[in-house]
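Me: I am new to this structure and would like a close look at a single part of it. Please take me through that part step by step, in one connected answer.

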Amino acid sequence: MYKKLSLSIALALFAVGMLMAQVPHDPNDQLYRDMDRWFTQGYITTSLPQIRPYPAQFILVLLDEVISRGDAEAQKRALRYRSALSGKDRPLHVGLTGTLVGENGDTTVYGAPTVDGVLALESWLTASYDLRVYGSLRKPGEELRVPGTYSPYSDFIEDWASVGPFLILQNWTSSLALGTASVYMQAGLNRTSFGPFYDTSPVIGSQAGRAGHFSVEYRKDTWNFGALFMVLTATDDFGNGQFSDKYLMLHTFDFRPFSNFEWGFFESVVWGARLEPLYFIPFNQLFASQSMTGFSDNSFFGFHVRWRPLSGLLVRSQVYVDDLNFNDLVSFKFDTKYKLAAQGGLDYVPQKGWFPEVRLEYTAVMPYMYTHENSIARYTDNTPNYTNYTHRGRSLGSDLEPNSDRVRLVLSKPLLPELSVALTSYFTRHGNASEGIAGMTQAYHDGTIFDDGRLDDGTATFHYETRFLTQSVIDYRLAGGLGLSWSLPTDWGDLALQADCVAEYGWNRNLEKGNNGWSLYWSVTGSWRW
C-alpha cells in the first residue's frame, strides 16, 4: 500500500515537476553553479570569495558583469536572477517539491510544500528565507540517496509529528546580510561551503547540514579578508546524541596578484564547552591562540589556488592540514604523519561550440583526518566530542571517510536552453587505517570519522607512519551515472524536473572481503514554484 501511495505522489509531482528555490543563502542553489560556470568562461572577472553563501548585494555585482560580458543565454539567465534578488520580484513564493528515490530493490519518497523569498529591505540590507515542511517515509540516517546528488536529510531533526506513514520534518533556513558588495556581514541558519571546490570541498562542504553562520568579508581588487564563525552540534564518539556549545572559527586571506590568478592562506579551529574570546580576534593566528588555551582544541591550516590560464579553462587546488610530523619531514623521512585532505581539479567550460563542459577532480583524505580524541572521555555514551570535525554526527568537510581517495569526471552539455544532460563517473578507494593494529578495541576503530587512531591507553598510532590505503582489505567503487535536468518558466510558475541514475560496482564493499557486486541508484525530483 505504501509503495503504491509513494508512486502515485511521485508521478503527480513528476507531471508538474522546478527550479531550486533561488534563495542566495543556499550554496547548493543553481545560481551558484551558474556563477561558477560564468567565472570559468570569463563572464565574471571579479574574484569570488571563498566563504559561501554570498549576500544579494554582492551577487548583483556579479550578475551585472554577466549581463554586460556574457553571451545571449547567460545574459537571459542573469537577468532573471537579478530580478529575483533586486527587490523587483515578489517577496514570497510558494511551491511543491517531491523526490522518488531507489537503491536496488528499495524505494522511498519524500516531498514538501515550500515558501521562500528574498527581501531587499535597503540597498545595504537584504534577507532571504526558505521553509520546507517535508513528509518522509524514512527517518534521518535511514534515507536513500544517489551518490553525488543533493539531499535535504542532513538538515533534518527528527520530530514526533507524523501523518499516516509520513514523518513530518521541517527545514527552515534564512540569512540576513548587512553592508555593500565590498564590505558585508551575514548571519543565518543555513548551509555553508568554503574554497574553490564549493560542492565537494574538504574544508566545509555544501552537503553538510544547516548550522549557525556568522561571517564577515572585506574585499579589495587585489586581496580580501574573510572570517567565519559557525555554531555546530556535537555528538558522542558513536555519532549519537545532540549537544550544544560546539563551534568553528575560520580566517582566510586571499590574494590576487594577477587578474586570472588567486591564492590564499586560511586557518580554522574547532572547539567547545566554552565561548573562547581569543578566537574572535581578527587578523590573528588561530594556532597561536590555541596554544594559549592548552592545545586541547583542534586547529587546521590550508592553502588554495585558482588559476584561469584562458577563458573557459580553470585550474583549482586546495590543501587542508590538521597535523604533520615536521621533524620527520625535515629529516627526509616521508613515511610519517599526514593528517590532511587535498584536492585538485581542472574545469573546461567552452563559451560556444559542440564540445561538452568537462570537470575532472581528485580528492584524497589521509588517515585520521577530521578525527580527534575526546578530551572529556573517549568512547563513552552521552559524552560529547567537541573537537572532531563533525556536525550532528556527519562530516563538516569532505563526504569521503578518512583514508580514502576519489577520481571524479563529469561531462555536461545543454541540449536546449532549458534542458541539459550530464555524464558522471568516479572511482573511490577506502580502507580502515586501524586494521590490524594491536591494542585497539576494534569495535571503536572502524576507519570512520569517529576512529581517533589511538590505542586503548590513548597512545597515538599515526605519528611515525602514513598507512594511506596500505591495508589488506580496500573498498573499491567504480561507477557511471546519467543526469537530466529540465526547467520551464511559465506565467503560472517555474516547472522543473531532475532525473539521476548511477550504476556502481564495488569490491570488498563496506570493508567486507569478497563482498563484491552491483548497486543501482536512481531518483526523480519534480517541483513547481510560483
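Reply: Strands β22 and β23 run antiparallel and are joined by 13 bridges, and in this pairing L495 stands opposite W528 in β23. The model is a predicted one, and the description that follows should be read with that in mind.

On its other pairing, β22, which covers residues 493-507, is joined to β21, residues 474-490, by 15 bridges, and these two strands also run antiparallel. Between β21 and β22 there are two residues, and the two strands form a hairpin; along their pairing, G483 stands opposite D500 in β22.

Within β23, which spans residues 517-529, one finds T525. This residue counts as partly exposed because its relative accessible area is 22%, and that category lies between buried, under 20%, and exposed, over 50%.

If the neighbours within four places in sequence are set aside, T525 is in contact with A496, L497 and Q498, and also with T97, G98 and T99. The numbering of A496, L497 and Q498 places them in the range of β22, residues 493-507, the strand that pairs with β23. With one of the other contacts, T99, there is a more specific link, since a polar contact of 2.8 Å joins the side chains of T525 and T99.

For a sense of distance, T525 can also be set against D64: the two are 461 residues apart in sequence, and their C-alpha atoms lie 31 Å apart in space.

Definitions and conventions: Residues numbered from 1 in each chain as written. Predicted model: local features only at pLDDT ≥ 70, side-chain atom pairs only at ≥ 80, totals over all residues. Heavy atoms only, no water. Helix = DSSP H or I, 4+ residues; strand = E, 2+ residues; numbered from the N terminus. Buried < 20%, exposed > 50% of the residue type's maximum accessible area, 1.4 Å probe, protein only. Contact = heavy atoms within 4.5 Å. Polar contact = N/O pair within 3.5 Å; in protein donor to acceptor, adjacent residues only side chain to side chain. Pairing = 2+ DSSP bridges.
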